[in-house]
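Hi everyone, thanks for making time this morning. Could you bring the model up on your screens, so that we can walk through it together?

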Amino acid sequence: MDPKLFHGPSNTGERTEEAVLALNHSGFCDGPRIDHFIGRLTELSTLRLAAIQASEGYPQLVYIEGEPGIGKTTLLQKFATELSEFTILKATADRNEDNLPGAVLGQIARAVSGDTLQAYPLSDEGISSTTPFAAGAQLVSLLGCLQEDGPVAIVLDDMQWIDEFSARALTFMMRRFRADQILFIVSLRRDVTGVNTAGFTSYLRKHEGGSGISLKGFHKEEISQLVEAILGKTLPDKSITRLLEQTGGHPLFVRTLLAELPEDGLLCGENLLSASLTAVIRRMLATLPHESRQLLDSLAVLDARVPLSRAALISQISSDSVTQSLIPLLSLGLVEWWPHEPITPIAIRHAVQRDAVYFLIPPERRQRLHAAAVDVVDGTAIWVHRVAATAGPDDELAAQLEAVARNEVQMSRHGLAGTHFLWAADLSLTRQDRERRLLSAALSLLAANQLRQVLRYKERIEASSFSPARDLVLIAVNIFSGRYDEATRLAVRLLDLVRANLKSKELAQDTAYLLPWGLLVGERTSEVVESARWALNSGELDPKAASSTLTILSGAIGVLKGPQAALDCVLEFTQYTVVTNPAHVDGIGARGVWEVLDGKLSSGLKNLQAAMDHSRSGAPITACRRLWAYAAWGQFLKGEWDESVLTAEMAVDEALSGGYTFDYSFEYLAGMFVPAARGQWQQAQQLLEFVEQSAASAGAASGRLISGTARAVIAQTQSDYGAMYDALRPWHDLSLRHIDAAMIERWWRPLLAEAQLGTGRLEEAGVNLAKLTNAMHAPFMRLQVSRLRGWLLMCQGRAREAATTFDQALSEVVPVSDDAPIFRAHVQFQYGKCLYGLGQRRKAGQEFQKAYAIFSALRAIPYLNACEMQLARCGLRSNTSRNKRDLLTEREREIARYIGKGMTNREIADHLYLSPKTVEYHLGNMFTKLAISDRKELRGLIQDGAL
């Protein structure tokens, strides 16, 4: 093609539609065109290798980074044409939608056929009323379904603009695949870190087995190839060198210069004046015919791939002249067109070009175009353009947006409501309306767990006039930031307002659980009880708010009087803990937590499972954030160690998907009990590192307590009593008014007593054990305290009294549904040592053998080794034959358990948040390890008790 045709409007009138099609030749018709693809051989090789590995059942993640215009999208488009055997799901993030919850996830869902998607709540409406955790779990299941037809590729472009909801859901989803035909390809700009992308980007870079591609500019040979592909001829070496110097090899910059400069200037290289890409685009726009510029401006305002007729409509260009208007834009490489598709869509080629064009549109014209766009778009885009069309405050539009937002709140679409409240705030005429709508936005975003979005507006919220809503938002913000003192100061001030307006039903509804929560973190437990009961008794709370408020109230009662009183409090308001009501998820979880802490393990785990099932289905957990961790600990107590490992993993995933950084250390701690007790030091140490890294977000006191407890858990299983004592030293005289200290007292105080005994601090141990007397009604605590009291008596030379203490505990705590096998075995082991010291070797050996049987079933290796030493002293040998169960991993044992219940692969996958392919992978490994060939044989081993 004659390069002279690239310049000026003089030749454009002679172009035919065939000429337009020639300018716009397309590589494939279902996406943007791929013309003049140059180089990137190394990058394509990386992507091809990943595709091969994914198709063989090894999930792959490749992330591509680079500056804007460097060719990330083009590389994705080129590679997508090679994935003919893959089902491809594409999504492109939009910076205008980074505060629309589920924007990216919705694009992925829309790429799936309606029949397949029907079983999953991933439509726009479904996403807006669920949680990232639930959406991520549904996406895992959906991808498992799609793999029945072959491998799946998820191609995500411009993810620096991903919305927070989608980022969390995708992070959860990516963690769940093990043996699937899944390929993730993600591109993002290196120069931009969106408010929602920090954690997402960090996960991409740390993903095990992930590959990173960093795109750079073209080198000299590639620029020469690009020049020849575009111009149809080569340029002198001098010109190529100047292009490289001018552009740094930036492909979009090179293309733009080739389209903008005359041929003689390119040949001599003298007109390659130093300029930015934006400046070059500005010069190009000056050469456009009037109607071409109108069409380009309309595309910049629409900022989407739209039908050509729609763009022409808001440009006010006649259908007869639209094709001629398009020719110069195609010639200069500013737009892309898909004429062979039914609606002949069109879009500006690159975001950098779009930004430059949009910036150059005069403000008044920009507003007129946005106003015209309202009539040709639909959905949320209508409000986007209506807002952009305003020249300043618009009370009428603000009121309409507020009404829409309040309706969305009623439908539990809190994230979208928050966005619309924010727009309404920006359009408000008066300060009063602006602040009221801003605070409504913040409360909606908090309800949607979009904490980072709220932090964007922290300064504006702090600058707002005093109101209950302002203080409530700031209470939440300060709690999430670990600034408990400030949260409590605000809560105390708000409580004074409540006391002066006790008859205000509106105030009761507004303050709900946030006011007592702010008081609770500041150890103002009496005031928590006062404010929470006032709100609950007002009768003004909706079921969700009432359940959350009850959870906070029970926490305060637990601090003041212990788990039994807290459980009584929850049972006082059973109308807010109906196990079948998803709105009661917090209350159900709180009941389960207190039941576990009070020793009612079976009932507690049943309620915790119900709450977790509601969360899985999309019910947002607001106040009982740590129910997963307590479920993991309850399973540890009950001897369900494999289940505990997986629940703890879920606890971490749920915390990560929710963005609750102050919960991370607690969830990691809950996952340490089993690996530490099994002597899996490397895994336990890694979890300890995670605990300590994230403990800073939990507040100073909580962080030190949780870190110390985590270190003590490991030291206990290594019989390193000095390390245990040092780890828990700051908490020897701890006030239990702190919620975290009280909630995990039954975790750390027995550890402290053991450390004191192990280091010879008998008086301290006695004082400490006396503080556990009121917990003796709980079976697991009766066993622990009896072991420690007996040990103390042995240290005091009162071995016969110690033996009586051990014997009474073992006989009175019957091994039924609420038994704690690990603590029973500890008592038996200590009893054996006591009996051996009394010269009763045969009876001691019997106790050691009982303990050994339990430790063996739990695979508690450190304790097994200690038992073997004691048995040898008694002249006995342990049964060291290895159970087939020991050949399997925790995940495999869990899957085997569900196979034994008759569940299908799909049912198991849904229950464990895995894909069926991953379940099949684990089954294959199990068949090999156990030397069996099918599920029938596996069920036989389970029924025979071999597994």
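Let's start with helix 46, residues 799–812, which packs against helix 47 at an angle of about 150°, the two axes lying 10 Å apart. This is a predicted model, by the way, so please hear every value as computed from it. Now, why do we call helix 46 roughly antiparallel to helix 47? Because the cut-off for that label is anything over 145 degrees, and the angle here is about 150°. The crossing of helix 46 and helix 47 is left-handed.

There is another helix pair to look at. Helix 20 covers residues 380–388 and helix 21 covers residues 395–410; their axes come within 11 Å and cross at roughly 155°. That angle makes helix 20 roughly antiparallel to helix 21. As for handedness, helix 20 passes helix 21 in a left-handed crossing.

On to the sheets. One is an open sheet of five strands, paired in parallel, and if you trace across it the order is 2-3-4-1-5. Which strands sit at the edges? Strand 2, at 87–92, and strand 5, at 211–214, each of them pairing on one side only. From one strand to the next, the twist averages 15°. If you zoom in on strand 3, residues 152–157, you'll find five bridges linking it in the parallel sense to strand 4, residues 182–189. To pick out a particular contact, I154 has F184 in strand 4 as its bridge partner.

Another open sheet has three strands in the order 6-8-7, and here the pairing is antiparallel. Its edges are strand 6, at 306–307, and strand 7, at 335–337, each pairing on one side only. Strand 7 and strand 8, the latter being residues 345–348, run antiparallel and are joined by three bridges. Among the residues to click on there, W337 has I346 in strand 8 as its bridge partner.

Now for the part I suspect you'll enjoy: the empty space. How many cavities of 30 Å³ or more does the structure hold? Five.

The largest cavity has a volume of about 420 Å³. It is lined by 23 residues, and those closest to its centre are W517, A623, R626, I739 and D740. Several helices give two or more residues to that lining, among them helix 29 (514–520), helix 33 (585–597), helix 37 (661–670) and helix 42 (739–743). The most comes from helix 31, which gives four residues. By class, the lining of the largest cavity splits into 16 nonpolar, three polar and four charged residues.

The second largest cavity comes in at about 220 Å³. Of its 18 lining residues, F636, F673, Q716, L751 and F823 are the closest to the centre. Which elements give two or more residues to this lining? They are helix 35, helix 38 (673–677), helix 40 (700–717), helix 43 (745–758), helix 45 (779–795) and helix 47 (821–837). Helix 43 supplies the largest share, five residues. In terms of class, the lining of the second largest cavity has 11 nonpolar, four polar and three charged residues.

Before we stop, two helices are worth a second look. Helix 35 is on the list of elements giving two or more residues to the largest cavity, and helix 35 is also on the list for the second largest cavity. Helix 47 packs with helix 46, and helix 47 also gives two or more residues to the lining of the second largest cavity.

That's everything from me, so over to you for questions.

How values were computed:
Residues numbered from 1 in each chain as written. Predicted model: local features only at pLDDT ≥ 70, side-chain atom pairs only at ≥ 80, totals over all residues. Heavy atoms only, no water. Pairing = 2+ DSSP bridges. 1 Å grid on protein atoms, 1.4 Å probe; cavity = no way out; pocket = protein on both sides within 12 Å on 5 of 7 lines; lining within 4 Å. Points joined across faces, edges and corners; volume = space filled by probe spheres on them. Nonpolar A, V, L, I, M, F, W, Y, C, P; charged D, E, K, R; others polar. Axes fitted to C-alpha atoms, helices over the stretch in contact; angles between N-to-C directions. Left-handed = near helix turned anticlockwise from the far one by under 90°. Parallel < 35°, antiparallel > 145°, perpendicular 65-115°, else oblique.
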